[in-house]
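Visitor: Could you take one part of this model and go through it closely, for someone new to structures?

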Amino acid sequence: MNKPKVFITRRWPASVEEKLRNLYDVTLNETDRPLTADEFKAALQQYDAVCPTVCDSFPTEVLNVEDKRCKILANFGVGYNHIDIPAAKANELIVTNTPDVLTQSTADIAMTLLLMTARRGAEGDRLVRAKKWTGWCPTHMLSSNVTGATLGLIGFGRIGQAMARKAHHGFDMNIIYYNPSAANEYVTQDLQAKRCNTVEEVLAQADFVSLHCPAGANTKHLINAQTLKLMKSSAHLINTARGDVVDSVALCEALKNKQIAGAGLDVYENEPHIYEGFLALENVELLPHLGSATLETRTAMGEKVLANLAAYFAGDTLPDRVA
Ligand code: DGY
């Protein structure tokens, strides 16, 4: 019997690509360049399964292409806001994702950004590299304490809770959060976490605000000129969720005017383009969407896609079906 035809949009860690080659008639994007909408349409017409990732856009126009052979989009990534889910459903396309395996590495990056923005890490690195450091003195590059400060999480799912654990048990931080549903009793007790009734309450009380809510119509520009005004002038904002949750122009203004002390960003509106205004500011730490970028995590994400494909081709229940 012919092996199923599988299309992978970007390069994956070598060990999982090797498994794909053994199991399927697989086509890899050898050059790893971002593909176009027309290439995605052609893939939907030619392959049984297409495996996109978080930087590949699958809007209605792509998903509606005629004469599709593809029946499953097995996404490499937990976020799937780059796929128009209603259009996928209307086209009877199954969509799967890769939850759980990137929780810790993403929370690690959120914590990295928190520490960097609190302690002016990138700014200090730039100073040293520019050979502008003139030596230690009692008032040089003063920053803010992390230990004992209040961390406010907006969104308290897997990644938010993992960050809260690191912050509370590692840095003795007080945890407050906003989430539509309450965390379970064990988590609440373990972290001595206080649930706030509104996002606004978190913004007003936290020394560090970390975003962990999904992207969507109801969270687009949740952090905007109005909501930024609620934050303390000494507070920092961390975004490892999705760029669309923050209005970049408003955040840039708030940072420039010292309305808030700093920010740490791993995700952006219109990636990989970064709002130019950020580049001139010392008080924003900018990482290139590194949340899940460890070899172990990316390999585990590939394994998750393999498990979803295996279940699909065996006719079994899909482990991580989102549509
Ligand atoms: C995801 O999987 O959604 C992450 O953003 C990738 O780091």
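**The second largest pocket and its surroundings**

Guide: The second largest pocket has 14 lining residues, and Thr117, Arg120, His236, Ala261 and Asn283 are the ones nearest its centre. The model is predicted, so local features need pLDDT of at least 70 and side-chain atom pairs pLDDT 80 or more, while totals for chains, interfaces and linings use all residues. Residues are numbered from 1 along each chain as its sequence is written, and side-chain values use heavy atoms, without hydrogens or water.

A pocket is an open set of points on a 1 Å grid over the protein atoms alone, with protein on both sides within 12 Å along at least five of seven lines; a cavity is a set where a 1.4 Å probe fits but cannot get out, and lining residues have an atom within 4 Å of a point. The volume of this pocket is about 160 Å³ (the space filled by probe spheres set on the points, which are joined across faces, edges and corners). Its lining divides into three nonpolar, six polar and five charged residues (Asp, Glu, Lys and Arg count as charged; Ala, Val, Leu, Ile, Met, Phe, Trp, Tyr, Cys and Pro as nonpolar; the others, Gly among them, as polar).

The structure also holds one cavity of 30 Å³ or more. The largest cavity encloses about 60 Å³. Asn239, Gly243, Val246, Ser248, Leu251, Leu265, Val267, Tyr268, Glu269 and Phe278 line this cavity, and by class they are six nonpolar, three polar and one charged.

Then there is the ligand. Around it stand Val54, Gly77, Val78, Gly79, Leu102, Arg242, His289, Ser292 and Met301, each with a heavy atom within 4 Å. This shell has four nonpolar, four polar and one charged residues. Polar contacts (N or O atoms within 3.5 Å) are made by three side chains: a polar atom of Arg242 lies 2.6 Å from a ligand oxygen, one of His289 lies 2.8 Å from a ligand oxygen, and an N or O atom of Ser292 lies 2.7 Å from a ligand oxygen. The protein covers 93% of the 240 Å² of accessible area that the ligand has on its own (Shrake-Rupley method, 1.4 Å probe).

As for the overall layout, domain 1 takes in 5-101 + 294-314 and domain 2 takes in 103-286, with bounds from an automatic or database assignment. Their C-alpha centres lie 31 Å apart.

Terms used. Polar contact = N/O pair within 3.5 Å; in protein donor to acceptor, adjacent residues only side chain to side chain.
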